Protein chains: 2
Amino acid sequence: MAEGTGGPGGGESLLFLTDEQLRKGIEAMFFAYRAFTADPDRILEGMDYGRAHHRAIHFIHRSPGTTVTNLLSVLGVTKQSLNRVLRRLIKDGLVESRVGRQDKRERHLVLTGKGAALERELSDAQRARMRAAYRAAGPAAVQGFRQVLEAMMDPQLRRQYQTLKEAGS
Amino acid sequence: MAEGTGGPGGGESLLFLTDEQLRKGIEAMFFAYRAFTADPDRILEGMDYGRAHHRAIHFIHRSPGTTVTNLLSVLGVTKQSLNRVLRRLIKDGLVESRVGRQDKRERHLVLTGKGAALERELSDAQRARMRAAYRAAGPAAVQGFRQVLEAMMDPQLRRQYQTLKEAGS
DNA sequence: CTTGGAAAGTCAACAAGGCTGACATAAACC
DNA sequence: GGTTTATGTCAGCCTTGTTGACTTTCCAAG
């Protein structure tokens with residue numbers, strides 16, 4: 001690990017860019033993502049919800065009062081797909097859809113108590129795994145982890161991520 | 001960026017384990033995985049293959065001559081799901097299925113020239129993205145990236161990943 | 001005030017890719 | 001010979017993605 005010289009110069013130590021290293025990174029993403037979604041999937045199975053419901057709940061919790069169009073662009077699916085999921089969540093009393101005050105065409109989405117409870121259960125599980133991984137890998141590794149993930153995103157995705165990131169805290 | 005002291009000590013700075021930090025990690029995984037699969041998805045769309053075909057091709061390339069059962073456990077799907085995909089790939093002449101010599105019940109899977117060509121096209125695209133991300137983040141970040149991903153995996157998944165990892169190079 | 005267009009919702013149809021269950025075959029193993 | 005293992009296949013189901021067509025609501029520009 002004599003890589004301390006990693007300035008923005010360019011080609012000084014490209015060992016870590018071998019196809020072999022890249023392939024390991026690709027496979028690490030594949031297996032890690034499976035683990036990453038495993039806990040919520042387990043909780044949701046049987047209660048007849050899937051990953052799509054989880055994602056909707058996560059981002060509604062994240063940005064309470066968000067509009068359907070907004071959610072659409074964050075999730076990157078069609079409104080028909082999202083609508084099916086939202087209809088179900090609203091019918092089951094997990095999400096409330098409020099007509100906009102300024103623009104009454106818009107629907108502002110918020111979690112109900114019941115919805116927030118499920119969100120907590122799901123994100124507790126996911127955070128527990130993330131916390132364990134962070135602890136095992138250490139602070140420096142965590143920083144690198146996030147740097148690489150951000151660098152992997154397309155500019156448009158990165159912008160959305162950044163916007164969300166700043167909105168927190 | 002004053003994190004140079006990240007030794008294997010343990011509990012020295014737990015600031016990075018706030019729910020806020022964990023949530024950022026979770027969302028980074030979500031957006032990055034979307035970007036990660038975007039290039040292969042784009043290539044495959046229209047030629048009527050999907051992510052499932054990509055995964056099969058990747059791991060057959062990775063472990064030429066692997067058996068169906070083996071592939072099943074790496075991919076984590078049912079044999080009916082995998083079979084549908086494999087039948088298609090064999091019919092289209094991308095994969096060859098050879099009866100085992102020692103154990104004639106087994107089928108050994110290998111890519112044909114055509115299959116290898118598609119594999120190259122797909123992995124070139126995926127590697128290019130990974131290379132750009134690695135370059136942007138630097139060697140230290142790459143190490144952290146892989147450490148966190150590995151720590152996130154369940155022991156069983158990690159074992160599979162490790163086995164594959166060693167098999168390379 | 002009327003009309004164009006944006007935002008939202010709905011219906012219908014379809015496909016990929018997961019899943020379960022049941023069953024068939026061949027080969028290996030005991 | 002009976003059991004287990006590896007594979008394949010049929011049928012049917014679900015979730016979650018897609019497109020296309022259409023309606024309703026409502027803001028805003030003409």
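Reader: Hi! Where should I start? What order do the strands of the open sheet in chain A have?
Author: Welcome! In this predicted model, chain A has an open sheet of three strands in the order β1-β3-β2, and the pairing is antiparallel.

Reader: Nice. Which strands are at the edges?
Author: Those are β1 (66–67) and β2 (95–99) of chain A, each of which pairs on one side only.

Reader: And how many bridges join β2(A) to β3?
Author: Five bridges link β2(A) with strand β3 (residues 107–111) of chain A, and the two run antiparallel. To pick out one pair by eye, find A:Arg98: its bridge partner in β3(A) is A:His108.

Reader: Got it. Switching to helices: how do α1 of chain A and α3 of chain B pack?
Author: Helix α1 (residues 19–44) of chain A meets helix α3 (residues 68–75) of chain B at an angle of about 60 degrees, and their axes are 11 Å apart. α1(A) and α3(B) are therefore oblique to each other.

Reader: Why give both an angle and a distance?
Author: Because two packed helices are described by the angle between their axes and the distance between the axes.

Reader: Which residues meet there?
Author: From α1(A) come A:Phe30, A:Phe31 and A:Arg34, and they meet B:Ser73, B:Val74 and B:Leu75 of α3(B). By type, the residues of this contact are four nonpolar, one polar and one charged.

Reader: Now the DNA! How many residues surround strand C?
Author: DNA strand C is surrounded by 26 residues, and the closest are A:Thr69, A:Lys79, B:Arg55, B:Thr78 and B:Arg84. Sorted by type, the residues of the surface near the strand are three nonpolar, eleven polar and twelve charged.

Reader: Which helices supply that surface?
Author: From chain A, α3 (68–75) and α4 (79–91), and from chain B, α2 (51–62) and α4 (79–91), each supply at least two residues.

Reader: What part of the DNA does the protein meet, sugar or phosphate, or bases?
Author: Some of each: 58% of the strand C atoms within 4 Å of the protein belong to sugar or phosphate, and the rest to bases. Look at chain B for phosphate contacts. A backbone N or O atom of B:Gly50 lies 3.4 Å from a phosphate oxygen, and a polar backbone atom of B:Arg51 is 3.1 Å from one. B:His53 uses its side chain, with an N or O atom 3.4 Å from a phosphate oxygen.

Reader: Last one: where is B:Asp92?
Author: B:Asp92 sits in the loop between α4 and β2 (95–99) of chain B. The side chains of B:Asp92 and B:Tyr49 are joined by a polar contact of 2.4 Å.

Methods. Residues numbered from 1 in each chain as written. Chains lettered and ligands numbered in written order. Predicted model: local features only at pLDDT ≥ 70, side-chain atom pairs only at ≥ 80, totals over all residues. Heavy atoms only, no water. Near = heavy atom within 4 Å. Polar contact = N/O pair within 3.5 Å; in protein donor to acceptor, adjacent residues only side chain to side chain. Helix = DSSP H or I, 4+ residues; strand = E, 2+ residues; numbered from the N terminus. Nonpolar A, V, L, I, M, F, W, Y, C, P; charged D, E, K, R; others polar. Axes fitted to C-alpha atoms, helices over the stretch in contact; angles between N-to-C directions. Parallel < 35°, antiparallel > 145°, perpendicular 65-115°, else oblique. Contact = heavy atoms within 4.5 Å. Pairing = 2+ DSSP bridges.
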